[in-house]
Amino acid sequence: MNSKQGKTLEAIFAEPVLSNVLWADVEALFGAMGAAISQGRGSRVRVSLNGVDAVFHRPHPQKETDKGALKSVRRFLLEAGISP
């Protein structure tokens, strides 16, 4: 994991929840952690990490992940044993 991905991980777990984290950075973080990422229907993205599976929706038309989705990403990472 490089420094940018480390900053993304910190941003995901920041309090209060941020609203300016780019989805592309979140996907890059998943990839750096060794997650299996596959495209679902429409804007759905399937992610599998450490035996934990989740489905997320890519934000559109904006590039930033909203607070609710970021909370879901945080919960997913915690279930997969990842924390900052």
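Which residue's side chain does Arg74 meet in a salt bridge? In this predicted model, the side chain of Arg74 meets that of Glu15, with N and O 2.6 Å apart. Arg74 belongs to helix H3 (residues 67-79) and Glu15 to the loop between H1 and strand S1 (21-22), so the salt bridge ties together parts of the chain that are 59 residues apart in sequence. The two partners differ in their surroundings, since Arg74 is buried, with a relative accessible area of 13%, whereas Glu15 is exposed, with a relative accessible area of 61%.

**Salt bridges**

A search of the whole structure finds 3 salt bridges, and they are set out below.

| Acidic residue | Basic residue | N to O distance |
|---|---|---|
| Glu15 | Arg74 | 2.6 Å |
| Glu27 | Arg58 | 2.7 Å |
| Asp25 | Lys4 | 3.5 Å |

Side chains of opposite charge can pair when their charged atoms come close. In the salt bridge between Asp25 and Lys4, the closest N and O atoms are 3.5 Å apart. This pair links distant parts of the chain, with Asp25 in helix H2 and Lys4 in helix H1 (residues 3-12), 21 residues apart. Asp25 has a relative accessibility of 18% and therefore counts as buried, the cut-off being under 20%, while Lys4 is exposed, with a relative accessible area of 51%.

The side chains of Glu27 and Arg58 meet in a salt bridge with an N to O distance of 2.7 Å. Here too distant parts of the chain are linked, Glu27 being in helix H2 and Arg58 in the loop between strand S4 (52-57) and strand S5 (64-65), 31 residues apart. Glu27 is buried, with a relative accessible area of 17%, and Arg58 counts as partly exposed at 28% relative accessibility. When residues up to four places away in sequence are left out, Glu27, which lies in helix H2 (residues 23-32), touches Ile37, Val45 and Arg58.

**Strands and hairpins**

Strand S2 (residues 36-39) is joined to S3 by 4 bridges, and the two strands run antiparallel. Within this pairing, Ser38 stands opposite Arg46 in S3. The hairpin that S2 and S3 form has 4 residues between the strands, and Gly42 in the turn has a positive phi of about 65 degrees.

Strand S3 (residues 44-49) also pairs with S4, in the antiparallel sense and over 6 bridges. Arg44 stands opposite His57 in S4, and Ser48 stands opposite Asp53 in S4. The hairpin of S3 and S4 has 2 residues between the strands, and in this hairpin Asn50 takes a positive phi near 55 degrees.

Both strands of this second hairpin can be described by their two faces. In S3, the covered face carries Val45, Val47 and Leu49, and the uncovered face carries Arg44, Arg46 and Ser48. Along S4 the side chains alternate, in that Val52, Ala54 and Phe56 point to one face and are buried, while Asp53, Val55 and His57 point to the other and are not buried.

**Helix packing and the nonpolar core**

Helices H2 and H3 pack with their axes 13 Å apart and at an angle of about 10 degrees. Because that angle is under 35 degrees, H2 counts as roughly parallel to H3. The residues that meet between these helices are Trp23, Val26 and Phe30 in H2 and Val73, Phe76 and Leu77 in H3.

In soluble globular proteins, nonpolar side chains tend to be buried together. In this model the largest nonpolar core has 24 residues, and those with the most contacts inside it are Ile12, Phe30, Leu49, Phe56, Val73, Phe76 and Leu77. H1, H2, S3, S4 and H3 each supply at least two residues of this core. Leu77, one of the residues with the most contacts inside the core, touches Leu9, Ile12, Phe13, Phe30, Met33, Leu49 and Ile82, not counting residues up to four places away in sequence. Phe56, also named among the residues with the most contacts in the core, points to the buried face of S4 together with Val52 and Ala54, and Leu49 lies on the covered face of S3.

Terms used:
Residues are numbered from 1 along each chain as its sequence is written. This is a predicted model: local features need pLDDT of at least 70, side-chain atom pairs count only at pLDDT 80 or more; totals for chains, interfaces and linings use all residues. Side-chain values use heavy atoms; hydrogens and water are left out. Contact means heavy atoms within 4.5 Å. A salt bridge is a side-chain nitrogen of Lys or Arg within 4 Å of a carboxyl oxygen of Asp or Glu. Buried means under 20% relative accessible area, exposed over 50%, partly exposed in between (1.4 Å probe, protein chains only). Two strands pair if DSSP finds at least two bridges between them. A nonpolar core is a set of buried Ala, Val, Leu, Ile, Met, Phe, Trp, Tyr and Cys residues joined through side-chain atoms within 4.5 Å. Axes are lines fitted to C-alpha atoms, for helices over the stretch in contact, and angles run from 0 to 180 degrees between N-to-C directions. Angles under 35 degrees count as roughly parallel, over 145 as roughly antiparallel, 65 to 115 as roughly perpendicular and the rest as oblique.
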